[in-house]
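Here are my notes for anyone opening this one for the first time. Have a look at it yourself, then read on.

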Amino acid sequence: MVKNSFISIILKEQEENKENRGSVEFQVVSFTNKIRRLTSHLELHKKDYLSQRGLRKILGKRQRLLAYLSKKNRVRYKELIGQLDIRERKTR
């Protein structure tokens, strides 16, 4: 629950800046929040295949956004990864 409360604090900080709702960081934070909620839901309901599909779609969107951010601004990417406690993607 500590991670979820931390994410809600980050969301509140970014919601204060109404202009930044479309920023990559805000989108990644909101996707991470959705991912954590869906993951806890799927622990209870293992055969909810539609939620599993939704989770995979959100994971892909977040992965693409993080890839974009890592190309454009590596410092912001590292900072966001550290704040959200997300693993860094593997490079080939």
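The points below go from the overall fold to single residues.

1. First, a caution: what you have here is a predicted model. Please read every value below with that in mind.

2. The overall layout is quick to describe. The protein has four helices and zero strands, so-called α-α-α-α when read along the sequence. There are 92 residues, and 35% of them are buried. If you take the contacts with a separation of 6 or more, 48% are between residues 24 or more positions apart.

3. Next, the inside. Nonpolar side chains tend to be buried together in soluble globular proteins. In this model the largest nonpolar core has 17 residues, and V28, L66, L80 and L84 are the ones with the most contacts inside it. Helices α2, α3 and α4 each put in at least two residues, with α2 giving the most, seven.

4. L80 is a good residue to click on if you want to see the packing. Which residues does L80 touch, once those up to four places away in sequence are set aside? They are E25, V28, V29, L66 and L69. Two of the names in that list, V28 and L66, also appear with L80 among the residues with the most contacts inside the core.

5. Then there's the largest pocket, with a volume of about 550 Å³. Its lining comprises 17 residues, and those closest to the centre are L59, R62, I86, R87 and E88. Three helices each supply at least two lining residues: α2 (24–44), α3 (49–72) and α4 (74–84). What is the lining made of, by class? It has eight charged residues, six nonpolar and three polar.

6. S70 deserves a stop. This residue is in helix α3, and it counts as buried because its relative accessible area is 11%, under the 20% cut-off. Its side chain reaches the backbone oxygen of A67 at 2.8 Å. Beyond its neighbours within four places in sequence, S70 is in contact with Y77 and R89.

7. Compare that with K46, in the loop between α2 and α3. Is K46 buried or exposed? It is exposed, because its relative accessibility is 59% and the cut-off is over 50%. The K46 side chain also reaches a backbone oxygen, that of E43, at 3.3 Å.

8. D85 is the one I'd look at for backbone geometry. Most residues other than glycine have a negative phi. D85 is not a glycine, yet its phi is positive, about 60°. You'll find D85 in the segment after α4, and it counts as exposed because its relative accessibility is 52%.

9. Last one: R37, in helix α2. R37 is exposed too, with a relative accessibility of 52%. How far apart in space are R37 and L55, C-alpha to C-alpha? The distance is 9.7 Å, while the two residues are 18 apart in sequence.

10. If you only have a minute, start with the core, where α2 gives the most residues, then turn to the pocket and find L59, R62, I86, R87 and E88 closest to its centre. After that, S70 as a buried residue and K46 as an exposed one make a handy pair to view side by side.

Technical notes:
Residues numbered from 1 in each chain as written. Predicted model: local features only at pLDDT ≥ 70, side-chain atom pairs only at ≥ 80, totals over all residues. Heavy atoms only, no water. 1 Å grid on protein atoms, 1.4 Å probe; cavity = no way out; pocket = protein on both sides within 12 Å on 5 of 7 lines; lining within 4 Å. Points joined across faces, edges and corners; volume = space filled by probe spheres on them. Nonpolar A, V, L, I, M, F, W, Y, C, P; charged D, E, K, R; others polar. Core = buried A, V, L, I, M, F, W, Y, C linked by side-chain atoms within 4.5 Å. Buried < 20%, exposed > 50% of the residue type's maximum accessible area, 1.4 Å probe, protein only. Contact = heavy atoms within 4.5 Å. Polar contact = N/O pair within 3.5 Å; in protein donor to acceptor, adjacent residues only side chain to side chain.
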